[in-house]
Amino acid sequence: MRYSQYFLITTKETPAEAETVSHQLMLRAGMIRKVATGIYNYLPLGLRSIRKMEQIVREEMDRSGAIELHMPMVVPGELWRESGRWEKYGKELLRFKDRKDAEFCLGPTHEEVVTDIIRNLVRSYRQLPLNVYQIQTKFRDEIRPRFGLMRGREFIMKDAYSFDMDDTGANLAYQKMYDAYCRIFERCGLKFRAVEADSGAIGGSSSHEFMVLAESGEDAIVSCDSCHYAANVEKAELLFREVGTPQPSEELRKVATPDQRTIEEVAAFLNIPPARLVKTLVVRTDAGEVLAVLLRGDRELNEIKLCHVLNCNAVEMAPEEVVREVTGAPPGFAGPVGLKVKILADNEVRGLADFVTGANEEGFHLMGVNNGRDFSVAQWGDLRIASAGDPCPRCEGGHLEMWRGIEVGHVFKLGTKYSAALKATVLDENGESVTPIMGCYGIGIGRTVAAAIEQNHDENGIVWPMALAPFQVLVTAINPNQENIRTAAEQLYADLQAAGIEVLYDDRDERPGSKFKDADLIGIPLRITVGDRGLKNGEVELLERRGGVKTMLPVAGAASRVAEMVREALR
């Protein structure tokens, strides 16, 4: 492709709307343009990377045995009512009516539609196992769409759905998808972790998120420094070794802590480490139950784990008036001694003695507090967010490391959540009706491309992995109006195309500095510069975008050498 004939318009200025690196660079590099909040045009350069991502996904899905189909973006509301999600999904589901007042939605995911296909067309166990997938536009009316393709309202997604007769088959399907996802992200040239995750609104028994590691990632994850264990911090298990209750060595006593409300303030005021404090959080469930949760002072509550322990859908920090009603004091002075509500505590508190808590009285805390002697815990559990240095729950001697990650893929074991709700059944070998066991597996196509930029960039622009680069090689003619330069550049361009290499030929009559800045911005992996100085020695300059390594190549062998470098990078 000749740059002068291509629809590629770059900009020097960073758009004010762009917060993340990927959003900034995709706008500046002429890859995307905003249509409305959370909705983008894919311009030619951006679309090339999107299509490459789609092709990698398609090849690996086909290799795994999944079969491609295509389902509509517009979905009848009656299907969502059957599954029970029409009311439960929330405002992210964009609902509308047609001219006949029939209710529809724009599909954010397609569990209902694919299950409807199976219940109408699959009758016998001989037709299973089955895994079908699509690459389709989705729509979720996000409350805060932001970060360009990282969190849009309209987006491209690969979603797959497996159907099996039993748990053994379902587990096999899940593992095939897990392995396929690992191959996909490896082929993309990305550093990633597959982490244990919460199943969220889609439901199911277990799931893994695939996280591209990047400092800008919204998600915190942990992984073991000795084994393959990795998990989202919301899901990460924490090792608990049973310990006896330590014996108290101090008397309970009340101390004045005027105007000291936070853990840091109280710890500094009493000259003790935050780990010697136990904070008492007054929370309220979605059912209206109010209770207290105890954590070590330097730990954070994991609300998802707490919901699992309480078997509720959501918890929130109780408002100030409820805290005052329960404790008799404003927030910041709550403690377990004398509380009349149910008390839950993180396992870690079990091993503490002579600690500090709030006194349920404004301006005061208690020292020398001990479980069993001064208060009782109704229920113990793993209730905190994992921290760096925590022991690995899977192996001996390993410890957890913290990372930031961008979720680009998610695999779920759904069980019969949707097949049962939509009454999808098949006959087994004995003629008995069986409800198929489902799995679902999603990859954000545009989100992965954006995540690749978050992980691969420098101060000058994008540094594409070869597999996702819109073009593999950039040929830059320093002065295309000079005959010897134009002739050599045109020949290189033709030779590379003949070798099957994707080439962008910068034949513009622009200053070299401007061309080089655009080249760095759009981040094509290999750049061949054809200039008068090099040609006098029968050479052209090869620049590797990653690392900036420069090599002078003989003109005669440059195309074949660069073509081989591209093939090596894609192996």
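Helix axes are lines fitted to C-alpha atoms over the stretch in contact, and angles run from 0 to 180 degrees between N-to-C directions. Helix 12 (residues 483–498) and helix 15 pack at an angle of about 40° by that convention, with their axes 9 Å apart. The model is predicted, so local features need pLDDT of at least 70 and side-chain atom pairs count only at pLDDT 80 or more, while totals for chains, interfaces and linings use all residues. Residues are numbered from 1 along each chain as its sequence is written, and side-chain values use heavy atoms, with hydrogens and water left out.

**Helix 12 and helix 15**

- The angle makes helix 12 oblique to helix 15 (under 35 degrees counts as roughly parallel, over 145 as roughly antiparallel, 65 to 115 as roughly perpendicular and the rest as oblique).
- The crossing of helix 12 past helix 15 is right-handed (the near helix is turned clockwise from the far one by less than a right angle; anticlockwise would be left-handed).
- In contact (heavy atoms within 4.5 Å) are Leu-492, Asp-495 and Leu-496 of helix 12 with Ala-558, Ala-559, Val-562 and Ala-563 of helix 15.
- This contact has 6 nonpolar, no polar and 1 charged residues (Ala, Val, Leu, Ile, Met, Phe, Trp, Tyr, Cys and Pro count as nonpolar, Asp, Glu, Lys and Arg as charged, and the others, Gly among them, as polar).
- Helices (H or I, at least four residues) and strands (E, at least two) are DSSP runs, numbered from the N terminus.

**Helix 2 and its partners**

- Helix 2 packs with helix 6 at about 150°, the axes being 9 Å apart, in a right-handed crossing.
- On the helix 2 side, the residues that meet helix 6 include Met-53, Ile-56 and Val-57, and the helix 6 residues include Met-177, Ala-180 and Ile-184.
- The contact of helix 2 with helix 6 comprises 8 nonpolar, 1 polar and 6 charged residues.
- Helix 2 also packs with helix 11 (residues 445–455), at about 115° and with axes 9 Å apart.
- Helix 2 and helix 11 are therefore roughly perpendicular to each other, and helix 2 passes helix 11 in a right-handed crossing.
- Ser-49, Ile-50, Met-53, Glu-54 and Val-57 of helix 2 meet Ile-445, Gly-446, Thr-448 and Val-449 of helix 11.
- That contact divides into 5 nonpolar, 3 polar and 1 charged residues.

**Second largest pocket**

- The second largest pocket has a volume of about 510 Å³.
- Of its 25 lining residues, the closest to the centre are Pro-465, Met-466, Ala-467, Ala-569 and Leu-570.
- Helix 2 (44–64), helix 6 (167–187) and helix 15 (555–570) each give two or more residues to the lining.
- On a 1 Å grid over the protein atoms alone, a pocket is an open set of points with protein on both sides within 12 Å along at least five of seven lines, a cavity is a set where a 1.4 Å probe fits but cannot get out, and lining residues have an atom within 4 Å of a point.
- Grid points are joined across faces, edges and corners, and a volume is the space filled by probe spheres set on the points.

**Cavities**

- The whole structure holds 2 cavities of 30 Å³ or more.
- The largest cavity, of about 40 Å³, is lined by Leu-474, Ala-519, Asp-520, Ile-524, Arg-527, Leu-543, Glu-544 and Arg-545.
- Its lining has 4 nonpolar, no polar and 4 charged residues.
- The second largest cavity has about 30 Å³ of space, and strand 2 gives the most to its lining, with 3 residues.
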